[in-house]
Amino acid sequence: MKQVFKKPHALCDVPLHYCPGCTHGIVHRLVAEVIDELGIEGKTVGIAPVGCSVFAYDYFNCDMVEAAHGRAPAVATGVKRTNQDNIVFTYQGDGDLAAIGTAETVHAAARGENITIIFINNAIYGMTGGQMAPTTLPGQVTQTSPYGRNTETQGFPIRVSEMLATLDGPAYIERVTVDTVKHINQAKKAIKKAFACQIEKKGFSLVEVVSTCPTNWGLSPEEAMNWLRDNMLPYYPLGVYCDKM
């Protein structure tokens with residue numbers, strides 16, 4: 001029988017620790033498929049963050065480095081500058097990238113570092129219990145905003161892609177999601193383009209993936225997908241925000 005679907009070689013054959021309905025697994029697979037298709041597994045280095053994807057080093061069949069909380073872009077910069085032929089990517093959540101790691105992210109982008117960032121935006125701190133994150137929506141209920149995020153006292157969410165696109169350093173930035181087959185295919189194209197951007201030495205690339213967190217949102221996986229469509233996508237519009245390819 002002809003095999004039409006299989007596990008990517010760049011994805012380890014181990015169970016994932018993520019909650020049911022979490023979209024990390026989908027994005028992991030897309031990254032691994034892109035690594036396979038580009039034939040770069042042997043020279044790829046991934047940087048794992050602190051957060052829900054802290055164990056990403058167990059899931060990818062390439063060299064991996066664990067970074068301190070928020071410092072993945074800084075670690076990636078060091079790895080890339082000392083090993084310029086390697087393909088270096090970080091895989092980060094919104095708490096890691098847009099809170100404690102804001103400075104590292106902004107300055108890596110401003111410098112135009114030739115690295116690729118995969119940014120998972122689920123509008124909440126997932127690993128530590130569901131606290132309000134920099135990306136939490138106005139009015140969204142979390143463990144630390146039980147009456148909803150109040151923009152008068154807690155400010156507004158950070159739109160990372162739009163913010164970084166104002167800088168001169170980035171070469172490619174796109175926001176995608178993985179709630180449907182169509183969007184999953186678009187997300188894979190964006191991730192592949194981001195890696196190609198690095199291979200062609202164009203500079204800094206980032207793919208933001210609008211994602212779900214059913215556990216901390218207090219929703220079923222199906223309800224979480226609907227909540228994403230109804231609430232997150234209007235606030236975080238999909239699209240290309242920078243393209244110098």
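**Exercise 1. In what order do the seven strands of the open sheet stand?**

Start with the model. It is predicted, so local features need pLDDT of at least 70, side-chain atom pairs count only at pLDDT 80 or more, and totals for chains, interfaces and linings use all residues. Residues are numbered from 1 along each chain as its sequence is written, and side-chain values use heavy atoms, without hydrogens and water.

Step 1. Fix the terms. Strands (E, at least two residues) and helices (H or I, at least four) are DSSP runs, numbered from the N terminus. Two strands pair if DSSP finds at least two bridges between them.

Step 2. Read the order: β2-β1-β3-β4-β6-β5-β7, with mixed pairing.

Step 3. Check the edges. β2 (63-66) and β7 (239-243) each have a single partner strand, so one side of each lacks a neighbour in the sheet.

**Exercise 2. Find how β5 and β6 pair.**

Step 1. Locate β5 at residues 172-177 and β6 at residues 205-210.

Step 2. Read the sense: parallel, over six bridges.

Step 3. Pick out one facing pair: Y172 is opposite S205 in β6.

**Exercise 3. Place helix α1 and test its span.**

Step 1. α1 (residues 24-38) lies across β1 (44-48), β3 (87-93), β4 (116-121) and β6.

Step 2. Find its buried residues (under 20% relative accessible area, 1.4 Å probe, protein chains only). Among them are V27, L30, V31 and I35.

Step 3. Compute the expected span, 1.5 Å times one less than the number of residues. For the 15 residues of α1 this gives 21 Å, and the end C-alpha atoms are 21 Å apart, which agrees.

Step 4. Look past the helix: G39 follows α1, with a positive phi near 65°.

Terms used: Contact means heavy atoms within 4.5 Å. Axes are lines fitted to C-alpha atoms, for helices over the stretch in contact, and angles run from 0 to 180 degrees between N-to-C directions. Buried means under 20% relative accessible area, exposed over 50%, partly exposed in between (1.4 Å probe, protein chains only).
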